[in-house]
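Me: I am new to this structure and would love a guided close look at one part of it. Could you take the disulfides as the starting point and walk me outward from there?

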Amino acid sequence: QLPLVESGGGLVQPGGSLILSCAASGFTLDYYAFGWFHQAPGKEREGILCMNSSGGITHYADSVEGRFTISRDASKNTVYLRMDSLRPEDTGLYYCAANQNSYCSQYVGYYTYWGQGTLVTVSS
């Protein structure tokens, strides 16, 4: 089984909202940092947000500032990405990632656990 299982992707109209889920198995959220990554078609994977083990959030991509945010529910061992005011350029695969560390990073190589990816398509 994958240590992180993602869900929640789908087709949404511009201006709409989605919530993506990242459920952890085999470990709890304590002492872990979680990042969310976006990979647009034909482009490199880009770190967009991170939550440290204390719940602090860092935005790495200016394009999602004020539109995307991370939350967590420790009782469900799940981290969420809420996406509002979606744009066509938000289309692509979204990955969650985790590391047993209290600190955040925007870089792929930092993370030791990865979700399988979930596809978001923003189109009329």
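Reply: What follows is a walk from the disulfides to the cores, loops and hollows of this model. Please keep in mind that the model is predicted.

Let's begin with the bonds themselves. A disulfide is a covalent bond between the sulfur atoms of two cysteines. There are two disulfides here. One of them joins Cys-22 to Cys-96, with a distance of 2.1 Å from S to S. Cys-22 sits in strand 3, which covers residues 18-24, and Cys-96 sits in strand 9, residues 92-99, so this bond ties together parts that are 74 residues apart in sequence. The angle about the S-S bond is 70 degrees, and the link between Cys-22 and Cys-96 is right-handed. Both ends are hidden away: Cys-22 is buried at a relative accessible area of 1%, and Cys-96 is buried, also with 1%.

The other disulfide is formed by Cys-50 and Cys-104, whose sulfur atoms are 2.2 Å apart. Cys-50 belongs to strand 5 (residues 46-51), while Cys-104 is in the loop between strand 9 and strand 10 (113-114), so the pair connects parts 54 residues apart in sequence. This link is left-handed, with -90 degrees about the S-S bond. Its two ends have unlike surroundings: Cys-50 is buried, with a relative accessible area of 0%, whereas Cys-104 is partly exposed at 22%. If you number the bonded cysteines in sequence order, the pairing reads 1-3, 2-4.

Now follow Cys-22 to a neighbour. Asn-77 lies in the loop between strand 7 (68-73) and strand 8 (78-83). Leaving aside residues within four places in sequence, Asn-77 is in contact with Cys-22, Ala-23, Ala-24, Phe-27, Thr-28 and Leu-29. Although Asn-77 is in a loop, it counts as buried, because its relative accessibility is 15% and the cut-off for buried is under 20%.

Next, the cores. The largest nonpolar core has 27 residues, and Trp-36, Phe-68, Leu-81 and Met-83 are those with the most contacts inside it. Strand 3, strand 4 (33-39), strand 5, strand 7, strand 8, strand 9 and strand 11 (118-122) each give two or more residues to this core. Strand 3, the strand that holds Cys-22, gives the most, with four residues. To get a feel for the packing, look at Met-83: not counting residues up to four places away in sequence, Met-83 touches Gly-16, Ser-17, Leu-18, Leu-20, Arg-67, Phe-68, Tyr-94 and Val-120. Apart from the largest core lies another one, of seven residues, including Ala-33, Cys-50, Tyr-95 and Ala-97. Here Cys-50 turns up again, as a member of this other core.

From strand 5, step into the loop that leads to strand 6 (57-59), where you will find Ser-53. Ser-53 counts as buried, with 18% relative accessibility. Beyond four places in sequence, the contacts of Ser-53 are Tyr-31, Tyr-32, Ala-33, Arg-72, Asn-101 and Ser-102. One of these, Ala-33, is also in the core of seven residues.

Back in the loop that carries Cys-104, you can also find Val-108, between strand 9 and strand 10. Val-108 is partly exposed, with a relative accessible area of 37%. Setting aside neighbours within four places in sequence, Val-108 is in contact with Phe-37, Arg-45 and Trp-114. Val-108 and Met-51 are 57 residues apart in sequence, and their C-alpha atoms are 15 Å apart in space.

Met-51 brings us to the hollows. There is one cavity of 30 Å³ or more, and the space in the largest cavity is about 30 Å³. Its lining is made up of Leu-29, Tyr-32, Phe-34, Met-51, Asn-52, Arg-72 and Val-79. Five of the lining residues are nonpolar, one is polar and one is charged. Some of these names are already familiar: Leu-29 is among the contacts of Asn-77, and Tyr-32 and Arg-72 are among those of Ser-53.

The largest pocket has a volume of about 220 Å³. Its lining has 15 residues, and His-38, Ala-40, Glu-46, Ser-63 and Glu-89 are those nearest its centre. This lining divides into six nonpolar, two polar and seven charged residues.

Notes
Residues are numbered from 1 along each chain as its sequence is written. This is a predicted model: local features need pLDDT of at least 70, side-chain atom pairs count only at pLDDT 80 or more; totals for chains, interfaces and linings use all residues. Side-chain values use heavy atoms; hydrogens and water are left out. On a 1 Å grid over the protein atoms alone, a cavity is a set of points where a 1.4 Å probe fits but cannot get out, and a pocket is an open set with protein on both sides within 12 Å along at least five of seven lines; lining residues have an atom within 4 Å of a point. Grid points are joined across faces, edges and corners, and a volume is the space filled by probe spheres set on the points. Ala, Val, Leu, Ile, Met, Phe, Trp, Tyr, Cys and Pro count as nonpolar, Asp, Glu, Lys and Arg as charged, and the others, Gly among them, as polar. Buried means under 20% relative accessible area, exposed over 50%, partly exposed in between (1.4 Å probe, protein chains only). Contact means heavy atoms within 4.5 Å. A disulfide is a pair of cysteine sulfur atoms within 2.5 Å. A nonpolar core is a set of buried Ala, Val, Leu, Ile, Met, Phe, Trp, Tyr and Cys residues joined through side-chain atoms within 4.5 Å.
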